[in-house]
Amino acid sequence: GILVCEMTADNIISMYSTSLHIGSAIQSIELTKNQRKIQAELEQAMILLRNKNFILNMMSEKDELTQLYNRRGFVENAVSMMERAESHYLLRIYADLNYLKEINDQFGHAEGDFAIRQAGEYLRASLRNTDVIGRIGGDEFAALAIIKDEHMGKEICDRIVSKSKNFNKNSDKPYYVELSIGYEVYKWNENLELDQMLSGADKMLYKSKKKKRKD
């Protein structure tokens, strides 16, 4: 900055000293303003970064088509659920969508995508928000729920089948959207592993598929 003033020769030294102090004060104020601006920009950048990381994390755990968990999200959340299921039963459901290839071949992949979403809705509508539901493959779904009574497993799976029947009865689609379902109920114990549960439910699914609609 520039300091303009009238002075005598006797005041030059004192005024020079004063001008230096004023200049330092102004510079300090400007530095503080810049620091505040930089700090604000850094804080905004951190907020944006956290938001992007949250979105990326959600994308990495969610299936884009159904908005259920993908395989990674299902496994991570299922393992977490198993850790807090002490003294309860665990219901493991394994299901796949029947005739997806035929739907894609005859009616197009847009209809196949619709059928996948609808199958996911059967599970979502039949289970609780706290249960873990995932699409773990092209036409494969899995769910894990904590239940108090082992008989609740059949009730929940019957509910899924009922949702399917109601939809197909009232749908104007030229195809069925139905699931083959296998399930197992396990009493929690500390040695219980997710792979063990998946294997048991998969065997039940195989039996279910043998009984599926033939027409």
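**Entry 1: strand β1 and its partners**

I began with the pairing of strand β1 with strand β4 (residues 179–187), which is antiparallel and runs over nine bridges. The model is predicted, and I read every entry below in that light. At L97 of β1 I looked across the pairing and found L179 of β4 opposite.

I then turned to strand β3 (residues 140–147), which also pairs with β1 in the antiparallel sense, here over eight bridges. In this pairing A95 faces F141 of β3.

Next I asked how many residues of β1 are buried. Strand β1 covers residues 89–97, and eight of its nine residues are buried. I noted as background that side chains in a regular strand alternate between the two faces of the sheet.

**Entry 2: the chain as a whole**

I counted six helices and four strands in the chain. Along the sequence I recorded their order as α-α-β-α-α-β-β-α-β-α.

For burial, I found that 33% of the 215 residues count as buried. The exposed area of the chain is about 14300 Å², and carbon and sulfur atoms supply 53% of that area. I also looked at contacts between residues at least 6 apart in sequence: 71% of them join residues at least 24 apart.

**Entry 3: E61**

I next looked up E61, which belongs to helix α1 (residues 12–61). Which side chain of opposite charge is nearest to E61? It is R72, at 5.2 Å. A salt bridge requires a distance within 4 Å, and E61, although buried, has none.

Leaving aside residues up to four places away in sequence, I listed the residues that E61 touches: L68, Y69, N70, G73, E76 and N77.

**Entry 4: aromatic rings**

I found three aromatic pairs in the structure. I classed the pair of F114 and F167 as tilted, because the ring centres are 6.2 Å apart and the planes stand at 40°. This pair links distant parts of the chain, with F114 in helix α4 (residues 109–126) and F167 in helix α5 (residues 152–170), 53 residues apart.

Y122 and F167 also form a pair, and I recorded this one as edge-to-face, with 6.2 Å between the centres and 65° between the planes. Here too distant parts of the chain are linked: Y122 lies in helix α4 and F167 in helix α5, 45 residues apart.

Is F114 buried, partly exposed or exposed? Its relative accessible area is 23%, so F114 is partly exposed. Y122 and F167, by contrast, are both buried. I closed the entry by noting that ring pairs link F114, Y122 and F167 into a cluster.

Terms used:
Residues are numbered from 1 along each chain as its sequence is written. This is a predicted model: local features need pLDDT of at least 70, side-chain atom pairs count only at pLDDT 80 or more; totals for chains, interfaces and linings use all residues. Side-chain values use heavy atoms; hydrogens and water are left out. Buried means under 20% relative accessible area, exposed over 50%, partly exposed in between (1.4 Å probe, protein chains only). Helices (H or I, at least four residues) and strands (E, at least two) are DSSP runs, numbered from the N terminus. Two strands pair if DSSP finds at least two bridges between them. Contact means heavy atoms within 4.5 Å. Accessible areas come from the Shrake-Rupley method with a 1.4 Å probe; for residues, only the protein chains shown count as cover. Lys and Arg count as positive and Asp and Glu as negative; His and the chain ends are not counted. Rings of Phe, Tyr and Trp (its six-membered ring) pair if their centres lie within 6.5 Å; planes under 30 degrees apart count as stacked, over 60 as edge-to-face and the rest as tilted.
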